[in-house]
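Here is a friendly walk through one protein structure, meant to be read with the model open beside you. Have the sequence to hand as well.

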Amino acid sequence: MLCKQASIPMESLSSFLSPTPLNFSSHKLSPMVASATTFSSLSFASMPSQHQRTSTPKRTSKPTKTLSPTIPTPTISTTTTTTTTLPPKKVLVPIGFGTEEMEAVIIVDVLRRAGADVTVASVEPQLQIEASSGSKLVADTSISTCSDQVFDLVALPGGMPGSARLRDCEVLQKIMSKQAEEKRLYGAICAAPAVTLKPWGLLKKKQTTCHPAFMDKLPTFWAVKSSIQVSGELTTSRGPGTTFEFSLSLVEQLFGESIAKEVGQGLLVSSADDNLTKEEFNKVEWSVDHTPRVLIPVANGSEAIEVVTIADILRRAKVDVIIASLEKSVQILASQGTKIVADKLIGDAAESIYDIIILPGGTAGAERIHKSKILKKLIKEQDSAGRIYGAVCSSPTVLQRQGLLKDKRATAHPSVVDTLTKVVDGAKVVIDGKLITSRGLATVVDFALTIVGKLFGYGRARSVAEGLVFEYPRS
């Protein structure tokens, strides 16, 4: 049974969340309450971190601990203890044409890191969808296969027209309505609270937030301008720039505070006092007299968050981004089981010249990147020609092994940073001439916005950050 899709009445707002218009003809088919505010009177810029919660019992499930048997005297035999293993928490993340890719991938990645059994389900007739900024994702299954399942959490990514595609899926509406009726967790981010949940009647008497462009669509006396709003079983959030916080809030509700903290630290999510975004050495201009072209090579095991986030942000800034597969197929299996379809194979992509080449991380992916003879030749030519190149997470070690970090300052993921020769401590992003590196994962938002700023100037970078609802430095 496929989702029955109705017309989408909110195209006039979709430009804020869908930088690259999609052609549907080719597809088959907290307490402080703010009054609703029109888009023109709101700043897109992220509010100071606010995680508001209405009064409600905490819904957590702590991991079970195995207790060692007690042996009072040597004459007493050891008692065998029985360990009860709880089934994994089941989570549903539906996607459709125009879903915001950063939101979808980050939600899935974070919840899987926490130990959740996450199902990505397409509301379209096919499993492969093109997201709002052009990334191609492949779902695990069709939404119709999920109709009789029970989920501990259903989390809706936003984006336009993705949120409308979710809204018009009758199967998903029934799943969500049952989820709310049975008081199980559900959440939505960006446009989805206003565009998807509100028409289904699932925001009644719930304090809610959403993307600033859609705040005026929320019920007036229940709209809240917070980054995260937890109201009973419902959790809502503002946009791509708040997705890590949103996802970690969901982890906390499913698994407890300690697990959420552990996952957040692993993702390099910044603390409130971590303000050092970048350091730059040997400053040179990066601007070009044409539309910048960027190559992002990917392989099985590449870090999905990094690939999708960098591509999404650069495309929002009107950069021509090519994702190229190093595998025999354009479809790769990225970290945490996320399936991404590249734009080209690396052999075809190598026929062009790029202003920037960016290597994503992921331990297994970085090793495959290092072994690619075609890519190794491309990066060496990039360096010899004086063009820009960069790497994040574990991939700065690839540049080092190929002799491309000689006498250059850089940073990398904490697990590998000690292998570099000239490390800059503390900064999320390090620029040295025409080399740019980052610690990876949650820091790649800063990494990508830094590239936008270097190519186009501060104004363009800040504009993109506002659309993301990401707090960007004012100077």
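The sections below go through a helix, some strands, the enclosed spaces, a pocket and two single residues.

## About the model

Please keep in mind that this is a predicted model. The values in this report are therefore those of a prediction.

## Helix α2

Let us begin with helix α2, which covers residues 101–113. How far apart should its ends be, and how far apart are they? At 1.5 Å a residue, its 13 residues should span 18 Å, and the C-alpha atoms at the two ends are 18 Å apart, so the two values agree.

Is α2 enclosed by the rest of the structure or open to the outside? Because 12 of its 13 residues are buried, α2 is largely enclosed by the rest of the structure. The cut-off for buried is under 20% relative accessible area. Charged side chains are found in this buried set too: among its members are Glu 101, Glu 103, Asp 109 and Arg 112. Others are Met 102, Ala 104, Val 105, Ile 106, Ile 107, Val 108, Val 110 and Leu 111.

Both ends of the helix have a detail to look for. At the N-terminal end, Glu 100 acts as a cap, with a side-chain oxygen 2.8 Å from the backbone nitrogen of Met 102. After the helix comes Gly 115, whose phi is positive, near 105 degrees.

## The largest cavity

Helix α2 also appears in the lining of the largest cavity, where it gives the most, with four residues. This cavity has a volume of about 110 Å³. Of the 13 residues that line it, the closest to its centre are Val 108, Val 120, Leu 137, Val 138 and Thr 338.

Which elements supply at least two residues each to this lining? They are α2 and β5 (136–138). Sorted by class, the lining holds eight nonpolar, two polar and three charged residues.

## The second largest cavity

The second largest cavity holds about 50 Å³ of space. Its lining is made by Ser 147, Gln 149, Ile 175, Lys 178, Gln 179 and Arg 184. By class, that is one nonpolar, three polar and two charged residues.

## Strand β10 and its partners

Next, find strand β10, residues 234–237. Leu 234 and Thr 236 point one way, Thr 235 and Ser 237 point the other way, and all of them are buried.

Strand β10 pairs with β8 (residues 185–189) through four bridges, and these two strands run parallel. Its pairing with β9 (residues 228–231) also has four bridges, but in the antiparallel sense. Thr 236 is a handy landmark: Ala 188 has Thr 236 as its bridge partner, and Gln 229 stands opposite Thr 236 as well. Between β9 and β10 there are two residues, and the strands form a hairpin. Gly 232, in the turn, has a positive phi of about 65 degrees.

## The eight-stranded sheet

Elsewhere, eight strands form an open sheet of mixed pairing, in the order β11-β19-β20-β18-β17-β12-β13-β16. Which strands stand at the edges? They are β11 (278–281) and β16 (344–345); each has a single partner strand, so one side of each is left without a neighbour in the sheet.

Within this sheet, β19 (residues 429–432) and β20 (residues 435–438) run antiparallel and are joined by four bridges. Asp 432 has Leu 435 in β20 as its bridge partner.

## The second largest pocket

Strand β11 comes up again here: β11 and α13 (444–456) each supply at least two residues of the lining of the second largest pocket. The largest share of that lining, five residues, comes from α13.

The pocket has a volume of about 320 Å³. Of its 17 lining residues, the closest to the centre are Lys 278, Thr 450, Gly 453, Tyr 458 and Tyr 472. The lining has six nonpolar, five polar and six charged residues.

## Two residues to look up

Is Leu 197, in helix α5 (residues 192–197), buried or exposed? With 0% relative accessibility, Leu 197 counts as buried. Its C-alpha atom is separated by 9.5 Å from that of Leu 166, 31 residues away along the chain.

Gly 266 lies in helix α7 (residues 257–266). At 36% relative accessibility, Gly 266 counts as partly exposed. Gly 266 and Leu 441 are 175 residues apart in sequence, while their C-alpha atoms are 8.8 Å apart in space.

Key:
Residues are numbered from 1 along each chain as its sequence is written. This is a predicted model: local features need pLDDT of at least 70, side-chain atom pairs count only at pLDDT 80 or more; totals for chains, interfaces and linings use all residues. Side-chain values use heavy atoms; hydrogens and water are left out. The expected span of a helix is 1.5 Å times one less than its number of residues. Buried means under 20% relative accessible area, exposed over 50%, partly exposed in between (1.4 Å probe, protein chains only). A polar contact is a pair of N or O atoms within 3.5 Å; within protein, one must be able to donate a hydrogen and the other to accept it, and residues adjacent in sequence count only if both atoms are side-chain atoms. Two strands pair if DSSP finds at least two bridges between them. On a 1 Å grid over the protein atoms alone, a cavity is a set of points where a 1.4 Å probe fits but cannot get out, and a pocket is an open set with protein on both sides within 12 Å along at least five of seven lines; lining residues have an atom within 4 Å of a point. Grid points are joined across faces, edges and corners, and a volume is the space filled by probe spheres set on the points.
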